[in-house]
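Please take a moment with the sequence and the model shown here, and then follow the walk through its interior and its surface that comes after.

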Amino acid sequence: MAIETETKLKISKKEFNCLKKILGKPKFFLQKNVIYRFKEGMFRIREENGKRIVTYKGKRKKSKFKSRKEIEFETDSNTNTLKSFLESFVFSKPFVYSKKRANFKHGECTVSLDILNIRDYFIEVEGREKDIERCLKELGLEKKKIEKRAYQDILHNINS
């Protein structure tokens, strides 16, 4: 078990292209996410690069950035088996979405460049709060508005 601390920012295509020059040539891969929400948090089944990763994320703690308990493990079970397993607990109907992602190491942080719906660009920075703040400053993003919504909420609003 760990505490995950991260932030997400919506950025323009111009900012996205500038960050690619700063961080290095991205190697994008497709992530498919199946999200089950419940009162105490959420479960996610993620498929990427031939792997299936199951993640539990607890309720968000109040802080400047998103911070919450996270338990994650890789599994050989297929996605349909995992979905059936989670649905047997009467969780919500899953929300399914995909995004293109490229990961980078920048200082002490993991930086992810994400593309949703071909036209929506985001950056996620994960690390300790002070490292996230330093990273955002180094990337010239410290004054940008932090996106508090999860991708499924963003996409739900776009698709509504």
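Which element gives the largest share of the lining of the largest cavity? In this predicted model, the answer is β1, from which 3 of the lining residues come. The lining as a whole is made up of E6, T7, K8, K64, F65, K66, I146, E147 and K148, and when these residues are sorted by class there are 2 nonpolar, 1 polar and 6 charged ones. The volume of this cavity is about 40 Å³, and a search of the whole structure finds 1 cavity of 30 Å³ or more.

From the cavity we can turn to the largest pocket, whose volume is about 440 Å³. A lining of 27 residues surrounds this pocket, and the ones that lie nearest its centre are E4, R44, R46, R101 and E124. Sorted by class, the lining of the pocket holds 15 charged residues, together with 7 nonpolar and 5 polar ones.

The nonpolar side chains come next. In soluble globular proteins, such side chains tend to be buried together. Here the largest nonpolar core has 20 residues, and I11, L19, I123, V125 and L141 are those with the most contacts inside it. Two or more residues of this core are given by each of the elements β1 (2-11), α1 (13-23), β6 (95-106), β7 (109-116), β8 (120-126) and α3 (129-138), and among these contributions that of β7, with 4 residues, is the most. To see how the core is joined, it helps to follow one of its residues: L141 touches L9, I11, L19, I123 and L136, when residues up to four places away in sequence are not counted. Apart from this core lies another one, of 8 residues, which includes I35, F122, Y151 and L155.

A last stop is a single residue in a loop. Between β3 (41-48) and β4 (51-58) runs the loop in which N49 is found, and the phi of N49 is near 50°, a positive value in a residue other than glycine. Most residues other than glycine have a negative phi. Is N49 buried or exposed? Its relative accessibility is 58%, and because a residue counts as exposed when this value is over 50%, N49 belongs with the exposed residues.

Note on methods:
Residues numbered from 1 in each chain as written. Predicted model: local features only at pLDDT ≥ 70, side-chain atom pairs only at ≥ 80, totals over all residues. Heavy atoms only, no water. Core = buried A, V, L, I, M, F, W, Y, C linked by side-chain atoms within 4.5 Å. Buried < 20%, exposed > 50% of the residue type's maximum accessible area, 1.4 Å probe, protein only. Contact = heavy atoms within 4.5 Å. 1 Å grid on protein atoms, 1.4 Å probe; cavity = no way out; pocket = protein on both sides within 12 Å on 5 of 7 lines; lining within 4 Å. Points joined across faces, edges and corners; volume = space filled by probe spheres on them. Nonpolar A, V, L, I, M, F, W, Y, C, P; charged D, E, K, R; others polar.
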